[in-house]
Amino acid sequence: QVQLVESGGGLVQAGGSLRLSCAASGGTFSSYNMGWFRQAPGKEREFVSAIGKSGGMIYYVSSVKGRFTISRDNAKNTVYLQMNSLKPEDTAVYYCAADKLRIGSGGYDYWGQGIQVTVSS
């Protein structure tokens, strides 16, 4: 069973950047597809981005394409989400997720505790 811990969130002005990290432990990291999700107040959790086990498959929700970049370092058991040109509507709690079979927008088995990202206008 894998444990996931997010870091790197915080408060940033619109147009700024943040890099989220998700450190995994307790499993073989390279055997998991990884995803990032977010949930804004009063809204349902939303898929943001996903990356395959070797980094060869990458997916983004349309609203972040061209602004966010997902990557992973299997040697460091970490997945990243580089977020540029941030907008107030990106404000949410961001969650890291892992699954051995699924990739994309749903059904991940393992989840982090979430980290707050707040973008001020």
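Let's begin at the largest pocket of this predicted model, whose lining residues divide into two nonpolar, three polar and seven charged. The pocket has a volume of about 170 Å³. If you would like to find it on screen, pick out Arg38, Gln39, Ala40, Lys43, Glu44 and Glu46, then Ser63 and Arg67, and finally Glu89, Asp90, Thr91 and Ala92; these residues form the lining.

Two of the lining residues, Thr91 and Arg67, make good stepping stones into the rest of the fold. Take Thr91 to start with. You will find Thr91 in the loop between β8 and β9. What does its side chain reach? A polar atom of the Thr91 side chain lies 2.9 Å from the backbone oxygen of Pro88, and the backbone nitrogen of Val119 also has a polar atom of this side chain 2.9 Å away. Setting aside neighbours within four places in sequence, Thr91 is in contact with Ala40, which is one of the pocket-lining residues, and with Gln116, Val117, Thr118 and Val119.

Now turn to Arg67, in the loop between β6 (58-60) and β7. Is this arginine buried or exposed? Arg67 counts as buried because its relative accessibility is 10%, and the cut-off for buried is under 20%. A polar atom of its side chain lies 3.0 Å from the backbone oxygen of Ser63, and Ser63 belongs to the pocket lining as well. Beyond four places in sequence, Arg67 touches the run Gln82, Met83, Asn84, Ser85, Leu86 and Lys87, together with Asp90.

One of those contacts of Arg67, Ser85, deserves a brief stop. Ser85 lies in the loop between β8 and β9, and its phi is near 50°, a positive value in a residue other than glycine. A similar look at the loop between β7 and β8 brings you to Asn77, where phi is near 55°, again positive in a residue that is not glycine. How accessible are these two residues? Ser85 counts as partly exposed because its relative accessibility is 41%, and Asn77 is partly exposed too, with a relative accessible area of 27%.

From the loops we can move to the interior. The largest nonpolar core holds 34 residues, and Met34, Trp36, Val79, Leu81, Met83 and Tyr94 touch the most other members. Which elements give two or more residues to this core? They are β3 (18-25), β4 (33-39), β5 (46-51), β7 (68-73), β8 (78-83), β9 (92-99) and β11 (115-120). The largest share, five residues, comes from β9.

Tyr94 gives a good view of how the core is put together. Leaving out residues up to four places away in sequence, Tyr94 touches Glu6, Leu20, Phe37, Arg38, Val48, Phe68, Leu81, Met83, Gly114, Ile115 and Val117. Arg38 in that list also lines the pocket, and Leu81 and Met83 are among the core residues with the most contacts to other members.

Trp36, in strand β4, is another of the core residues that touch the most other members. With a relative accessible area of 0%, Trp36 is buried. Its C-alpha is 9.6 Å from that of Leu20, a residue 16 places away in sequence.

Strand β4 also contains Asn33. This asparagine is buried, at a relative accessible area of 5%. Where does its side chain make a polar link? A polar atom of the Asn33 side chain lies 3.1 Å from the backbone oxygen of Arg102. Apart from residues up to four places away, Asn33 touches Ile51, Gly52, Lys53 and Arg72, and also Ala97, Ala98, Asp99, Lys100, Leu101, Arg102, Ile103 and Tyr108. The C-alpha atoms of Asn33 and Ala50, 17 residues apart along the chain, are separated by 7.4 Å.

Our last stop is Leu4, in strand β1 (residues 3-7). Leu4 counts as buried because its relative accessibility is 6%. Ala23 is 19 residues away from Leu4 in sequence, yet their C-alpha atoms are 5.7 Å apart. Beyond its neighbours within four places, Leu4 is in contact with Cys22, Ala23, Ala24, Met34, Cys96, Ala97, Ala98, Tyr110, Trp111, Gly112 and Gln113. Met34 takes us back to the largest nonpolar core, as one of the residues there that touch the most other members.

Conventions. Residues are numbered from 1 along each chain as its sequence is written. This is a predicted model: local features need pLDDT of at least 70, side-chain atom pairs count only at pLDDT 80 or more; totals for chains, interfaces and linings use all residues. Side-chain values use heavy atoms; hydrogens and water are left out. A nonpolar core is a set of buried Ala, Val, Leu, Ile, Met, Phe, Trp, Tyr and Cys residues joined through side-chain atoms within 4.5 Å. Buried means under 20% relative accessible area, exposed over 50%, partly exposed in between (1.4 Å probe, protein chains only). Helices (H or I, at least four residues) and strands (E, at least two) are DSSP runs, numbered from the N terminus. Contact means heavy atoms within 4.5 Å. On a 1 Å grid over the protein atoms alone, a cavity is a set of points where a 1.4 Å probe fits but cannot get out, and a pocket is an open set with protein on both sides within 12 Å along at least five of seven lines; lining residues have an atom within 4 Å of a point. Grid points are joined across faces, edges and corners, and a volume is the space filled by probe spheres set on the points. Ala, Val, Leu, Ile, Met, Phe, Trp, Tyr, Cys and Pro count as nonpolar, Asp, Glu, Lys and Arg as charged, and the others, Gly among them, as polar. A polar contact is a pair of N or O atoms within 3.5 Å; within protein, one must be able to donate a hydrogen and the other to accept it, and residues adjacent in sequence count only if both atoms are side-chain atoms.
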